[in-house]
Amino acid sequence: MKFFLDTANVQEVNDLLDTGWVDGITTNPTLIAASGRRISEVIQELCALVDGPVSAEVTAVDYETMVKEGRYLAQIAPNVVVKVPLTFEGLKACYALTQEDIMVNVTLCFSSGQALLAAKSGATFVSPFVGRLDDVGHDGMGLIQEICEIYTQHPDIDTLVLAASIRHPLHVIQAAQRGADIATIPPKVLHQLLKHPLTDKGVETFSKDWQKTGQSIL
Ligand code: E4P
């Protein structure tokens, strides 16, 4: 399973580069706004930091402008993935851009019917939003499972399931259990995934006991 970092903060990516955990990055207009920087600069820097896919989202809502924005974003670096919303216009833009060999991530997916249409439109990735579904009392993880089951039954579909809107470590584990190809994870959640009080306690005990021996390995 691949992990993408869900951030437009270059420093946060830099901090995790030496871990081997970062297979790609996703951004959205909200994350770019939070960075306080120009989208082209942020995407260029992120693409230079990681070899994997870096999603950059269009902001237009009409097909023609989405395609123009998509082409602009795609020329920033070879590993740019253009993100388009799961609307009629967005899916047409997805089809047009993938016909030009531009990778596309179809975002804001909230149903398996939508995920089927994203696949039909040639999407490289589809992003079901787990946390936002949970927020309104629906079963976000159930959607991941449903889409994975449907895609698995149809080998002609090569769209990858990218679990998005991940809010806590359990979301990551459940996305893995249900067969998501990728989870895009905020750096904070990745750190939460790492932590366990018994690991910290164990390290402390081993260190104390080792000091008592007076030995040193090196
Ligand atoms: C990533 O592709 C999505 O834009 C992101 O995961 C959305 O997360 P949020 O619902 O926490 O804003």
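K83 is a good place to start in this predicted model: the residue sits in strand β4, which spans residues 80–85. Its relative accessibility is 4%, so K83 counts as buried, the cut-off being under 20%. What surrounds K83 once residues up to four places away in sequence are set aside? Its contacts are T26, T27 and N28, then S55, A56, E57 and V58, and finally N105 and T107.

One of those contacts deserves a second look. E57 and K83 form a salt bridge, with 3.5 Å between the closest N and O atoms. The pair links distant parts of the chain, as E57 belongs to strand β3 (residues 54–57) and K83 to strand β4, 26 residues apart. Is E57 buried or exposed? E57 is buried, with a relative accessible area of 12%, and K83 is buried too, at 4%. In general, side chains of opposite charge can pair when their charged atoms come close.

How many salt bridges does the structure hold? There are eight, so let us follow a few others with their settings. In one of them, the side chains of E100 and R71 meet with an N to O distance of 2.7 Å. E100 lies in the loop between α5 (88–99) and β5 (104–109), while R71 is in helix α4 (residues 63–74), so this pair ties together parts that are 29 residues apart in sequence. E100 is partly exposed, with a relative accessible area of 37%, and R71 also counts as partly exposed, at 41%.

K208 and E204 offer a salt bridge within a helix. Their closest N and O atoms are 3.5 Å apart. Both residues are in helix α11 (residues 197–213), and because they are four residues apart there, about one helical turn separates them. K208 is partly exposed at a relative accessible area of 49%, and E204 is partly exposed at 48%. Elsewhere, R37, E41 and E45 are linked in a network of salt bridges.

Now turn to a loop. S165 is found between β7 (160–163) and α9 (169–177). Is S165 buried or exposed? With a relative accessible area of 10%, S165 is buried. The side chain of S165 is joined to that of R167 by a polar contact of 3.4 Å. Leaving aside neighbours within four places in sequence, S165 is in contact with F129, V130, G131 and R132, and also with H171.

The nonpolar interior completes the tour. The largest nonpolar core has 61 residues, and the members that touch the most others are I25, I43, V80, V82, V84, V106 and Y151. Which helix gives this core its largest share? That is helix α8 (residues 140–153), with six residues.

V82, one of those highly connected members, shows what such a position looks like. Not counting residues up to four places away in sequence, V82 touches A56 and V58, then G70, L73 and A74, and further along L97, I102, M103, V104 and N105. Some names return here: A56, V58 and N105 are also among the contacts of K83. A second core, separate from the 61-residue one, has five residues, including F4, F125, L162 and I182.

Note on methods: Residues numbered from 1 in each chain as written. Predicted model: local features only at pLDDT ≥ 70, side-chain atom pairs only at ≥ 80, totals over all residues. Heavy atoms only, no water. Helix = DSSP H or I, 4+ residues; strand = E, 2+ residues; numbered from the N terminus. Buried < 20%, exposed > 50% of the residue type's maximum accessible area, 1.4 Å probe, protein only. Contact = heavy atoms within 4.5 Å. Salt bridge = Lys/Arg side-chain N within 4 Å of Asp/Glu carboxyl O. Polar contact = N/O pair within 3.5 Å; in protein donor to acceptor, adjacent residues only side chain to side chain. Core = buried A, V, L, I, M, F, W, Y, C linked by side-chain atoms within 4.5 Å.
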